[in-house]
Amino acid sequence: MTADRNTQNPNAQSSFAMMCCAHGAETLVKEQIASEGWRLAFSRPGFVTAKHDQTKRSPTGVFIRTAARSLGSAKGNHSAEMIQKLQQCITSETVPFDQIHVWPRDRTAIGRFDFEPGIDEVSAAVADEIWSALHDGSTTGGPGLACACPNQIAENGQRILDVVLVDPSQWFFGTHEATTLPTRWPGGVQPIEPAYEPISRAYFKAAESIAWSGFDMRPGDLAVEVGSAPGGACGRLLELGMQVIGVDPADMDPRIGDHPRFIHYPARAGDLPRRVFRGAKWLLVDSTVKPDATLSTVRNMVDSRETSFRGLLITMKLGEYENATHLERWCNFIRTWGIERLEVRQLARNRCEVCAAVTMRA
């Protein structure tokens, strides 16, 4: 596919979109967008572009991490030539971009060889080079960039220029408007710098799920985490000033276990009396069991007269992406609990799993 064929004409009735997802989830993305009338144009693991014969917004879905209106692409061995092609692709854009986000597609499955998604050294260097070339539109003849530096968290309503490094020598360009929190993050990955070295990567999963859910978690709230060992997610909850109950037969890291606002129950959640959870407002579940068992345990917890959870963050382990066919069944089961809202997303920090954010009725 050439860049010209992938460039969207604002006066045309067709639409072009580019999407990023977890490495391995692209098949699910393709199936979803095909059902919505999109035709596949180009794909690599973790990256998909598509065309629609009608004017359509870029697709969204459980497994789509980022989506943008496609502007074009470039392929070459020299960044200066690629940036020049980017300038050509955005000449029809008359309004300056508020932000520029530059990131690589996931090069492998999350967790494999300790891989984590997000901006790497190459994409950071490319971002600086692009910003230097484009930030002053008066010198380039293009729309220009209004931001002071690349890869900042966008504000709601801002217009973002997206550059995805599918490979270091192949870039794809697009644009989107920041509407939800993940669309404000560069590459859909939450930028976060922990005050201390996290005990495990569960810290980042918890941080992202809390931010994405929009739950109004406050210092002093009581939160319960099922599957808490060794304590990564609990570390984030404690960092936010909450009282925390951890439930896991395995041992907690002493940095968490000895914390004055933490209580550990070395047991399975189903074996504990429900009064243990009395007064808890938030429930996080990230256990290494199948979703049916996880959801059965959670249902028994929320059905009890002893509990009054306001929000649930439930990790559902797929094991294989083929098991995503059960997702609607799992969601329908959650809806029988008397809930107010349910959202499901494969977080940027999720492996082969999804997170359900459930708001219970008050």
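Analyst: Two strands pair if DSSP finds at least two bridges between them. The model discussed here is predicted.

User: How do you know that strand E9 and E10 pair, and in which sense?

Analyst: Strand E9 (residues 243–247) and E10 share four bridges, and at least two are required, so the two strands count as paired. Their sense is parallel. One residue pair can be named: Gly246 has His264 in E10 as its bridge partner.

User: What is the order of the strands in the open sheet?

Analyst: The order is E10-E9-E8-E11-E12-E14-E13, seven strands with mixed pairing. From one strand to the next, the twist averages 15°.

User: Why do strand E10 and strand E13 stand at the edges?

Analyst: Strand E10 (262–265) and strand E13 (339–345) each have a single partner strand, so one side of each has no neighbour in the sheet.

User: Which strands does helix H10 touch where it packs on the sheet?

Analyst: Helix H10 (residues 291–302) touches E8, E11, E12 and E14. Its direction makes about 160° with that of E12; angles over 145 count as roughly antiparallel, so H10 and E12 run roughly antiparallel.

User: What makes H3 oblique to H4?

Analyst: Helix H3 (residues 79–89) packs against helix H4 (residues 121–134) at about 55°, with the axes 11 Å apart. That angle is neither under 35 nor within 65 to 115 nor over 145, so H3 is oblique to H4. The crossing is right-handed.

User: Which residues make the contact?

Analyst: H3 contributes Ser79, Ala80, Ile83, Leu86 and Gln87, and H4 contributes Glu129, Ile130, Ala133 and Leu134. Six of the residues in this contact are nonpolar, two polar and one charged.

Note on methods: Residues are numbered from 1 along each chain as its sequence is written. This is a predicted model: local features need pLDDT of at least 70, side-chain atom pairs count only at pLDDT 80 or more; totals for chains, interfaces and linings use all residues. Side-chain values use heavy atoms; hydrogens and water are left out. Axes are lines fitted to C-alpha atoms, for helices over the stretch in contact, and angles run from 0 to 180 degrees between N-to-C directions. A crossing is left-handed if the near helix is turned anticlockwise from the far one by less than a right angle, and right-handed if clockwise. Contact means heavy atoms within 4.5 Å. Ala, Val, Leu, Ile, Met, Phe, Trp, Tyr, Cys and Pro count as nonpolar, Asp, Glu, Lys and Arg as charged, and the others, Gly among them, as polar.
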